[in-house]
Structures are given as structure tokens and as C-alpha cells.
Amino acid sequence: MAFIKKFTDKNEKVYYKVQVSAGRGRKVTRTWRPNDGWSAKTIQRELNKFAAELENDLRDGVIVPRYEQIEKERVAELEAAKIKTLRQYADGVFMPAKEITFSENARSNYRQFLDKHILPALGEQQMTDIDAAMITKFIIDFQKKGYAHSTAIKLYNILNGIFEMAYLSDTIPVNPMGRVKRPASRKSETVSEDNHKAYTAAELAHILSCADQEPLKWRTYIYILIQTGIRRGEACGLQWDDIDFQSGDITIRRNLQYTTGKGVYLESPKNGKSRVVDVDAKTLDLLRRLRQEQNSQTPALYVFTQDNSDQPMFPQTPTRYFKKFGEKYGVEDFHPHKLRHTHASIAITNGADPASVGERLGHSDASVTMRIYTHANQESIKRAGDIFRKAIPDDPSE
């Protein structure tokens, strides 16, 4: 049934409001205007025709009441906003959540893995459609491309983090990673743990003797890493004001980092706290000589600078130099972080308590130190046996 009312606008033109109903409160109202020159009979005929068509359209769902249209649009917006694909979840939820706690270097690393490997292969897949078999095949195909085992593990860990977060937030009903095996090394690939092992005291002595033949800047850099166990970026971020030549203490306040997106930048040490480490007299002497050399050429704020510049040395530069050093002197797997492992391992093996070593290295707690840096070798294994035997009296009656 239609309800029709006649109105006149400000220009004295007649128009009509037509309201039709389809029951249960479903009503729509439309405005209808007659053409100029129509007779009253024609107006009535066309108006009734318009009302009938409007009523039919409402009944057939061609048009809907305003409140229904608003609700329909709201539901459509909610549906469109739903996380559906892996790309939507990774970009819209996972990375924003991780970036709150990630360092710039970690954020950049995750972003590269997503953009280069994960999203091109799985990004447009519906989150709910990605199953364990699909992920397993993706990882196997990734390994077939010749990537290192450690890189495959990194890929696995990122995928695991994405799907675990999605499952815990009820984005997906099941976590497919629960049925995906951690990547195994290829048969042709020998998974070496050398990069995580420390040099022995004898090997370290050889490294120091080789370092003594190198330019002053690099000799000093190697000595500082060996003496303190600080990170590569922490050494690159050292400034002369951080060094107390009287006490032999060095304050670690900064960590110099680099990413392709941000370039070179400074951040606080990894655990967010400054710390003080000491060095021996020889290292202090090397630092004094380096400062004199630097002042005579290009005075700078930073201890380790780019050649012929007052700008800090790029954090990637030591890694490249260490590779050449290792090839030159026959030092296997020589890289800055291995000297950090060596500092901790030799200190612990020779009686230093893990808590103190952890403080020196800037760890959050001693368990991190023990988990990463305690490497059993034949010397320490033998010492453990000697300690046990000395604890047992020769005469049980004593």
C-alpha cells in the first residue's frame, strides 16, 4: 500500500512524497515530480504507476529501506576489512606487532624474508587455506634452491611466528605449523657448528700474532674485540669519550647498525643498557697510538672511522676485512662475532662465573651466556673429571 503526499517547493513547483511498505516496518520513501504541462489525469496515472513500481521493487529486494542499506554497507565493510590472505596478515598484523619490540636490523631482516621469499609464494593464499602440506612443500622447494640450512631455519621460524600469532588471535582455527617439521639439512650439506664455536687459547695467540702485522686501526679493532667480547656494531659505535685511559675502562653506550632501508644509524646496545668493560695495557697503548695517528690526519669523534674521513666505519666493513684476514693467515671462519664467543668461552672455561661474563657481554641474564657460549672441549672435559675425582676421598672411611 502506498501513502502519497503533495508538496510545493520554493519555486512553486509541485512534487510528491511516495511511501510504500512491505510489512514488518520495512518502508521506503521516494520523491516524484511530474513533467511540466501534464494534465491532472496524467499526473495521477503516472504517480500511481510510480508508487506501484516502488512497492514491487521493495517487495522484490531491488531497493531496501535506509536502515537495511546502512547495515548492509556496514557488514560489507567489516567483511572487506577481515584478514583473509597471508599478505594481509603479515603486513597488517604480524609486522606491526613485531616492530614494537624489534630492532631496526631485525625488522629489516624479517621484511626482506617476507618480501623476497614468503609473500611471492604464499602471500595471496587465504590464511585458512594454507595447510601443513603446502608449507612443507614451500620449505622443501626453498631448500632445493641451494639456500643454507640456517637460512631455511630462519624461514621456518618466521612462518611459525606468523601462524602462531594468527592462531592465538583466532584469525585461523588451526595452526598448520604444528604439523610442519623443522627443516633438516640436505644430505649433501654438512651443517657446521664452527661459527658458533670458540677459538682455543693457542688459536687466539696465533690470531694476535697475525694482528700485530696489520695496520694500526685493524690491530686495535681486533684487540678490543678479543679483550672485551663486545659486538661488531658496539665497537664501530665507540667514541673517544667512551674510553678512560686512566682506569683502562671502556663504556659501551652505542651500537652502530646498517640496513638498506635506513642506512647507517645508532641505537642502544642490544639489551638497552650501557655497560663498562676493561682492557689491558697493550690495548690501551694501541688506542693511544690510534688517537695520535687519527689526530694527525683526520680528527674524529669516533674511534674507528672510514679511511680519510671522520665518519664512523660501516658495521659491514669489519666482516669483509676479517674474511680477508682469515684467508691471509689461515684462520678458519674468522669473523667478529667468533671473537665474542671466544672471549666468553675462554673466560668461563678458566673459572669466570657466567653471571659476570654475561654482564660483560651485555646479556639479559646468565642463562643466555651459558646456553650460547659454553663449549665443551677436551681440556674442560678432563678438568671436570679431575674436579670430581678430587672431591672423592681416597679412603672411604675418612
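User: Is the crossing of helix 12 and helix 13 left-handed or right-handed?

Analyst: Two packed helices are described by the angle between their axes and the distance between the axes. In this predicted model, local features need pLDDT of at least 70 and side-chain atom pairs count only at pLDDT 80 or more, while totals for chains, interfaces and linings use all residues. Residues are numbered from 1 along each chain as its sequence is written, and side-chain values use heavy atoms, with hydrogens and water left out. The crossing of helix 12 and helix 13 is right-handed (the near helix is turned clockwise from the far one by less than a right angle; anticlockwise would be left-handed). Helices here are DSSP runs of H or I with at least four residues, strands are runs of E with at least two, and both are numbered from the N terminus.

User: At what angle do the axes of helix 12 and helix 13 cross, and which residues meet?

Analyst: The axes of helix 12 and helix 13 (residues 354–361) come within 10 Å and cross at roughly 160° (axes are lines fitted to C-alpha atoms over the stretch in contact, with angles from 0 to 180 degrees between N-to-C directions). The two helices are therefore roughly antiparallel (over 145 degrees; under 35 is roughly parallel, 65 to 115 roughly perpendicular and the rest oblique). From helix 12, Arg 340, His 343, Ala 344, Ala 347 and Ile 348 meet Val 357, Arg 360 and Leu 361 of helix 13 (contact means heavy atoms within 4.5 Å).

User: How many residues of helix 12 are buried?

Analyst: An α-helix has 3.6 residues a turn, so residues three or four places apart point the same way. Helix 12 (residues 336–349) is mostly covered, with eleven of its 14 residues buried (under 20% relative accessible area, against over 50% for exposed and in between for partly exposed, with a 1.4 Å probe and protein chains only). Among the buried residues are Arg 340, His 343, Ala 344 and Ile 348, which also take part in the contact with helix 13. Helix 12 reaches 20 Å from its first C-alpha to its last, close to the 20 Å expected (1.5 Å times one less than the number of residues), and is followed by Gly 351, whose phi is positive, near 110°.

User: How do helix 8 and helix 11 cross?

Analyst: The axes of helix 8 and helix 11 (residues 317–329) come within 12 Å and cross at roughly 100°, and the two helices are therefore roughly perpendicular to each other. The contact is made by Trp 218, Tyr 221, Ile 222 and Leu 225 of helix 8 and by Thr 317, Pro 318, Tyr 321, Phe 322 and Phe 325 of helix 11. Helix 8 is itself mostly covered, with twelve of its 13 residues buried, and just after helix 8 comes Gly 229, which takes a positive phi of about 75°.

User: In what order do the three strands of the open sheet stand?

Analyst: Strands of a sheet pair through backbone hydrogen bonds, either parallel or antiparallel. Here the order is 4-5-8, with antiparallel pairing (two strands pair if DSSP finds at least two bridges between them). Strand 4 (243–244) and strand 8 (275–278) stand at the edges with a single partner strand each, so one side of each is left without a neighbour in the sheet. Four bridges join strand 5 (residues 249–252) to strand 8, and Ile 252 stands opposite Arg 275 in strand 8.

User: How many residues lie between strand 6 and strand 7 in their hairpin?

Analyst: Three residues lie between strand 6 and strand 7. Five bridges join strand 6 (residues 255–259) to strand 7 (residues 263–267), and the two run antiparallel, with Tyr 258 opposite Val 264 in strand 7.
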